[in-house]
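Me: I am new to this structure and would like a close, unhurried look at a single part of it. Please keep the answer connected, and explain each term as it comes up.

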Amino acid sequence: MSPAWWRWVASTDSLTARLVDAAGELQVRLISQRLTRPHRDEALALNISPARYAWCREVALCAGGHPWVMARSVAPLDALHGQRMRQLGERSLGSWLFRQPDLQRGPISVTSTSACALPSLWGRRSEFRHGCFRVLVQEFFLARMADELGLPSR
């Protein structure tokens with residue numbers, strides 16, 4: 001991975017804030033939000049049964065109206081603890097998460113395969129914890145972002 005990509009993929013600060021800094025503006029396009037069974041690898045990462053239902057939210061983070069990042073968040077139902085995640089609408093989950101004073105982030109896992117509808121160049125995921133609330137956040141960086149920021153294609 002190039003150093004330019006590493007700065008994006010390995011950063012532990014808010015990706016939403018970094019995208020706003022890079023693009024000047026950011027729109028969150030809600031793709032879906034529902035109760036569903038997690039993918040097998042997501043269940044493994046969350047240490048839950050793949051047969052259990054979880055809250056799942058998929059969004060496109062867009063700059064200039066074009067998707068730069070696809071994100072998929074998965075939270076076990078028993079880990080929601082009254083959080084009203086449906087009320088996020090077209091706001092980023094990160095904008096809420098990074099305001100939590102006790103936020104803890106687990107290790108970042110990097111992948112070169114995509115778990116979203118669009119092909120991605122790089123992907124990452126990590127588990128966030130805020131009190132008893134926990135959520136697996138997965139972010140997949142798209143070619144449009146690389147093109148517009150002058151990042152290498154790999």
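What follows is a question about one charged residue, and then a reply that starts there and works outward.

Where is Asp-78 found, with which side chain does Asp-78 meet in a salt bridge, and is Asp-78 buried or exposed, or something in between?

Reply: Before the details, please keep in mind that this is a predicted model, in which local features need pLDDT of at least 70 and side-chain atom pairs count only at pLDDT 80 or more, while totals for chains, interfaces and linings use all residues. Residues are numbered from 1 along each chain as its sequence is written, and side-chain values use heavy atoms, with hydrogens and water left out.

Asp-78 sits in the loop between β3 and α4, where the names refer to DSSP runs numbered from the N terminus, helices being H or I runs of at least four residues and strands being E runs of at least two. The side chain of Asp-78 meets that of Arg-52 in a salt bridge, at 3.2 Å from N to O, a salt bridge being a side-chain nitrogen of Lys or Arg within 4 Å of a carboxyl oxygen of Asp or Glu. This pair links distant parts of the chain, since Asp-78 belongs to the loop between β3 (66-76) and α4 (93-97), whereas Arg-52 belongs to the loop between α3 (40-46) and β2 (54-63), 26 residues apart. Asp-78 is partly exposed because its relative accessible area is 48%, and Arg-52 likewise counts as partly exposed, at 32%; here buried means under 20% relative accessible area, exposed means over 50%, and partly exposed lies in between, with a 1.4 Å probe and protein chains only.

The loop that holds Arg-52, between α3 and β2, also contains Asn-47. Although Asn-47 is not a glycine, its phi is positive, at about 60°, and Asn-47 counts as exposed because its relative accessibility is 70%.

From Asp-78 one can also step across to Arg-134, since their C-alpha atoms are 9.3 Å apart in space although the two residues are 56 apart in sequence. Arg-134 has a salt bridge with the side chain of Glu-127, at 3.1 Å from N to O. In this pair, Glu-127 counts as buried because its relative accessibility is 17%, and Arg-134 is buried because its relative accessible area is 14%. Elsewhere, Glu-42, Glu-58 and Arg-72 are joined into one network by salt bridges that share partners. A further salt bridge joins Asp-13 to Arg-18, with the closest N and O atoms 3.8 Å apart; Asp-13 is partly exposed at 36% relative accessibility, as is Arg-18 at 22%. Over the whole structure, a search finds nine salt bridges.

The strands and helix that frame these loops appear again around an enclosed space. On a 1 Å grid over the protein atoms alone, a cavity is a set of points where a 1.4 Å probe fits but cannot get out, and lining residues have an atom within 4 Å of a point. One cavity of 30 Å³ or more is counted, and the largest cavity holds about 210 Å³ of space, a volume being the space filled by probe spheres set on points joined across faces, edges and corners. There are 21 residues in its lining, and those nearest the centre are Thr-16, Leu-93, Gly-94, Val-137 and Glu-139. Two or more lining residues come from each of α2 (15-23), β2, β3, α4, β6 (120-130) and β7 (133-142). Of these, β2 gives the most, with four residues.

Strand β2 also holds Leu-61, which is buried because its relative accessible area is 5%. Along the chain Leu-61 is 49 residues from Thr-12, and the C-alpha atoms of the pair are separated by 17 Å.

Finally, the cysteines deserve a word. Cys-56 counts as buried because its relative accessibility is 1%, and Cys-62 is buried with a relative accessible area of 0%. A search of the whole structure nevertheless finds zero disulfides, a disulfide being a pair of cysteine sulfur atoms within 2.5 Å.

To return to the starting point, Asp-78 is a partly exposed residue in the loop between β3 and α4, and its side chain is paired with that of Arg-52 in a salt bridge.

Methods: 1 Å grid on protein atoms, 1.4 Å probe; cavity = no way out; pocket = protein on both sides within 12 Å on 5 of 7 lines; lining within 4 Å.
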